[in-house]
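I opened a notebook page for this structure and kept a record of each thing I looked up. The entries follow the order in which I worked.

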Amino acid sequence: MSKITTELLLERAVPRSTRLRKIETLNLSKLQLKTGDLDPRLFSRLRHLQKLDLSDNLLDKFPNSLTLPDLRVLNCNNNKLEDVTALKQFPLLEELTYENNVYLTLNDDYKVMFLLQNLRLLNGKDITKLANHVRRVNSRKLTSKVTAHWEKFFRDQLPEKYTAEQVKSIKKKFLKSVQTNVVYGPSSLSEFTRWRVKMIAEEFLAYTLGLELNTDPEPDENMDENEEESTESPREAAEDMARVDDFSSYINNVTVTPSKRKRNQSKPGSGNKRSKSQADTKEEAEDVSAEPLHFLQCHSKGNSREDFKTQLWSCVFEPLLDCGARKDPIVSSSRTVATCGGESVCLIDCETGTVLKKYKVATEEFFSVAWTTLTMVISDSRKKSHNILAAAGRRGIVKLIHVAADFCYGEIKAHKKPIATVCFSPTQETHLFTASYDKRIALWDIGIPDCDYNFKASQLLVLEALSIPLRIALVPTCPEQYLLAGCESGCFAWNIKLDKEQKSRPFEAIFQFPDEDGGMTTAHRVDGLAFLNDDVIVSKSSKPGCIYLWSWSRSFDTKGKGCQRTVSAVILAELEWSTTDLSYLTLSTCPAKEYVFCGDEKGSVWMYNLSNYTTAWSSAKGKRSEKRITPTQILKWPEIRANGEQLGEVLINNVVSDPTFTYLVVLTSVNITAIWKKS
């Protein structure tokens, strides 16, 4: 039942009224209203309404047929609006405010300036001159460019006598091409420009070819854009960072043929499952744990379709917010993942394969991304949680991106050498660890930005390593006290407790592991490190064909004294893995489902379900598993052809599941992000 009734409207009228048609001013603020509460049949009776206050509600959009023919002033502050195009139904609107709607950007300001010809004040500012420029000069320039694009590339493609099918085909190609290639104004307005270009192009085709004009166009075609690094101040960046929405970049000119799944190369009777392709095969029916869903090529350098060389390195699923815009009510875990590689960071919807947002820095190569959720003051001292993404790489700079608002609001010059990996503290939302090629791990307090995105970052701690740290992990039972790092020359632990005065600290322990000769060694590259649960650590070293599981509590005596101790890792089990000696093929875990994942040099993903082992390991007398644990399943890489030729060597650099193991995201050495879904 709608929250809005005739009685409520009469009561909230200013002054109170006895007839709906007599109401001229209406205050519907702070009623927790949602879009569905705005009943067009009821609002159509407000024929003389001139001022409407809908501030401090939960509206994400406007219904298209509210029928308020005399509306002049509209206040939509502090809602969740995601789109403004429905406001064109109020042609007499003169004053509009929609501040503190985090999903609206500068592009939306320009849209309403074009759509509402009588608009004078927007968010309290006189926009008369700018609006005239948008409606006249901007439109004239874009029309000229659209016409020129047709004349140069498309006019000769259409025969003198053409069929409806030919017109439909060329229209589709022209709309896609013109939105991709017609550029005008700053990159921060690229979304508005694409929107206007499509509108102009459709009007042009309707006039030129006699087509029926679509007055209620579908959402823009999915496409990419070049986005340069922003070097302005945080406030300028907030106004000038381009929004890249609804972008989906499937592999172009690529044929994906899932290959037949072969049995795992393991001992008979091991009970390993086989995976099955989406295509029909002659193999017998069997249980399948995961199916390929999408293969995306969205990190290409310069947006080149021929780029199969960009390496993809890191991916992390977005934390769920209680009222997050991309929360799926069917699942208890986010389906949005951040990926990085080359010059770009992408946000991908794993279910649809849509690249929701993309951030580029032409001079950067991103190696790592991490999420945190900050509680920010938005207005009137009200607090709201927002997800912030940190991205870092070769330049040693951490970019801080407010995802919902689609811009990078600041950066931290953390190191003079590349940053290999970053991670946030699970208990301190502003604490960020950065591990660098300068052989240091720094702890930063990134601060909380104010409503103008001013923030102050400070360095709290520096951990000295003997070699380059490649992977870092905070100990789950004491994340504010101990940090582990897999480095080029071994696995180390530091005491990170901030109540100590010492700001720069050496490692407290180095762990030794079995070597190939049966002895123990500390000297090995550790390029994979993660916790399976509160105690069990999974690490991958330079020893071919082996992944170790070992106990934190039994290996490291937290009461021990002295730094730089050599400690023997108490091995619980070994996982059978590829015999390759290639490095930097990292691993990950899904603690909730007790899974370990690791890719190999042949494009395969090795998956280990360890739920049958963890109970025994947790007992005080838990013994080491004598035999190597074979993978539960190996997902084979499908046959992929680019421009008719099969892709060469595919390395799996990283593979990560969401917390509930619904989706599996696979990052490769050939600029392809593969997404699998658990059956």
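The entries below go from the whole chain to single elements and residues.

**Whole chain.** I began by noting that this is a predicted model, and I then counted its secondary structure, which comes to nine helices and 40 strands. Of the 679 residues in the protein, 55% are buried. I also looked at how contacts are spread along the sequence: among those with a separation of 6 or more, 56% join residues 24 or more positions apart.

**Leucine 9.** I looked for this residue and found it in helix α1, which covers residues 6–12. Is leucine 9 buried or exposed? Leucine 9 counts as buried because its relative accessible area is 0%, under the 20% cut-off. Leaving out residues up to four places away in sequence, I listed its contacts as Ile4, Leu20, Ile23, Leu26, Leu28, Leu42 and Leu46. For one of these, leucine 20, I checked the C-alpha separation from leucine 9, which is 7.4 Å across eleven residues of chain.

**Helix α3.** I turned next to residues 106–115, where nine of the ten residues of α3 are buried. The buried set runs through Asn107, Asp108, Asp109, Tyr110, Lys111, Val112, Met113, Phe114 and Leu115. Which elements cover them? I found that the cover includes the strands β4 (95–97) and β5 (121–122), together with the helices α4 (128–153) and α6 (190–209).

**α3 against α6.** Two packed helices are described by the angle between their axes and the distance between the axes. Here I read an approach of the α3 and α6 axes to within 8 Å, with a crossing angle of roughly 35°, and the crossing is right-handed. On the α3 side the contact is made by Asn107, Tyr110, Lys111, Phe114 and Leu115, while α6 brings Ser190, Glu191, Phe192, Trp195, Arg196 and Met199. Sorted by class, this contact holds six nonpolar, two polar and three charged residues.

**The annotated stretch.** I consulted UniProt, where an unreviewed entry lists residues 412–446 as "repeat: WD". In the model that stretch is 57% strand and 0% helix, and its end C-alpha atoms lie 8 Å apart.

**Proline 638 and the hairpin after it.** I located proline 638 in the loop between β35 (633–635) and β36. Proline 638 is classed as buried because its relative accessible area is 3%, again under 20%. Its C-alpha atom is 8.5 Å from that of glycine 603, a residue 35 positions away along the chain. In β36 (residues 639–642) I separated two faces, a covered one with Ile640 and Ala642 and an uncovered one with Glu639 and Arg641. The partner of β36 is β37 (residues 645–646), paired in the antiparallel sense over two bridges, and alanine 642 stands opposite glutamate 645. Two residues lie between the strands of this hairpin, and asparagine 643 takes a positive phi near 55°.

**The four-stranded sheet.** Last, I traced an open sheet of four strands in the order β8-β40-β39-β38, with antiparallel pairing. Its edge strands are β8 (290–296) and β38 (652–657), each of which pairs on one side only. On average, neighbouring strands of the sheet are turned by 20° against each other, direction ignored. How many bridges join β39 to β40? I counted five between β39 (residues 663–668) and β40 (residues 673–678), and I noted that valine 666 stands opposite alanine 674 in β40.

Definitions and conventions
Residues numbered from 1 in each chain as written. Predicted model: local features only at pLDDT ≥ 70, side-chain atom pairs only at ≥ 80, totals over all residues. Heavy atoms only, no water. Buried < 20%, exposed > 50% of the residue type's maximum accessible area, 1.4 Å probe, protein only. Contact = heavy atoms within 4.5 Å. Pairing = 2+ DSSP bridges. Axes fitted to C-alpha atoms, helices over the stretch in contact; angles between N-to-C directions. Left-handed = near helix turned anticlockwise from the far one by under 90°. Nonpolar A, V, L, I, M, F, W, Y, C, P; charged D, E, K, R; others polar. UniProt positions renumbered as here; feature names shortened; annotations may be inferred.
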